[in-house]
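Trainee: Could you take a close look at the ligand site with me? I'd like to know which residues are around the ligand.

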Amino acid sequence: MIEGDFKEMKPNSVSNIIQLGGTILRSARSKDFQTPEGRRKAYENLRSHNIDGIVAIGGDGTFTGANVFMQEYTDIAIMGCPGTIDNDLFGTDYTIGYDTAINTAMNAIDNIKDTANAHDRLFFVEVMGRDAGFIAMRAGIATGAEAVLIPESRTDIENLIKTLESNYKNKKNACIVVVAEGDDAGGALKIAEIVGQKFKEYEIKVSILGHIQRGGRPTCMERVRASRMGIAAVKALLNGDRGRMIGIINEHIVQTPFEMACKTHPPMDDEMQEVARILS
Ligand code: F6P
């Protein structure tokens with residue numbers, strides 16, 4: 001929008017892309033859009049191409065920007081689709097990218113468990129989630145991790161060591177601790193170092209999964225939900241709706257105002273935390 005780089009899209013522009021990760025639009029975080037001058041350029045370019053409606057796909061940064069833009073330029077209507085692997089937007093049970101990311105993390109941890117079991121190792125596996133532990137929690141439960149460390153709850157290292165000791169006494173020959181990158185006790189490297197000074201029963205290894213979680217073939221659920229949300233966003237624009245993010249709650253399409261979607265981080269489900277604890 002800022003560079004005036006527009007391309008008219010026809011139905012065949014999106015053929016054969018449903019199985020791809022990433023974005024064919026190549027849209028990304030923009031420093032220019034954070035300035036009034038950048039937004040003015042975007043507005044002028046949109047107007048000169050007769051564009052008066054936008055579907056913004058992204059997370060809280062995207063919707064914060066969309067909201068400011070709509071307040072400044074009231075003749076442009078914006079609807080949003082939630083796109084972030086972190087699943088940390090209020091107003092939807094799923095964000096686009098999350099299901100693929102948790103399955104990628106789960107498969108990677110399954111592979112790590114093979115070597116952990118073969119060689120009596122304690123693995124600290126770091127998954128993405130700068131401010132949110134949803135990927136860590138789901139991937140941790142799905143792989144039977146001994147502990148899941150997330151930013152939403154305080155990490156107690158002494159308690160973690162007790163859990164690991166009891167696993168060792170119960171003759172588990174390997175342990176997996178899943179750490180969200182934004183955990184309050186630090187990332188996997190730091191936590192592994194602290195634990196390693198006090199707990200020496202297993203050989204300790206650290207694996208940081210990183211950006212493999214941000215790409216790859218989308219899961220079936222992802223493709224279906226993203227298709228539903230995309231269609232709902234376009235229908236909403238045609239209907240005159242604006243300033244709202246499309247979401248799916250209890251399998252129904254819903255809308256949430258941008259400011260609510262990005263200001264409120266959904267809480268970590270207590271039941272999930274209990275499940276992770278009981279199964280550790
Ligand atoms: O905010 C979403 C997120 O996936 C975080 O979990 C992660 O820390 C970050 O993006 C990675 O961003 P980048 O690809 O810019 O390093």
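Mentor: Here is a walk around the ligand site, starting with how the model is read. This is a predicted model, where local features need pLDDT of at least 70 and side-chain atom pairs count only at pLDDT 80 or more, while totals for chains, interfaces and linings use all residues. Residues are numbered from 1 along each chain as its sequence is written, and side-chain values use heavy atoms, with hydrogens and water left out.

Now the shell. Around the ligand sit Arg29, Ile85, Asp86, Met128, Gly129, Arg130, Glu181, His211 and Arg214; a residue is near a molecule if one of its heavy atoms lies within 4 Å of it. By class, that shell splits into 5 charged, 2 polar and 2 nonpolar residues. For that split, Asp, Glu, Lys and Arg are charged, Ala, Val, Leu, Ile, Met, Phe, Trp, Tyr, Cys and Pro are nonpolar, and the others, Gly among them, are polar.

Next, the polar contacts, meaning pairs of N or O atoms within 3.5 Å. Arg29 puts a polar side-chain atom 2.6 Å from a ligand oxygen. For Asp86, an N or O atom of the side chain is 2.8 Å from an oxygen atom of the ligand. His211 has a polar side-chain atom 2.9 Å from a ligand oxygen. As for cover, the ligand on its own has 400 Å² of accessible area, and the protein covers 77% of that; accessible areas come from the Shrake-Rupley method with a 1.4 Å probe.

Terms used. A polar contact is a pair of N or O atoms within 3.5 Å; within protein, one must be able to donate a hydrogen and the other to accept it, and residues adjacent in sequence count only if both atoms are side-chain atoms.
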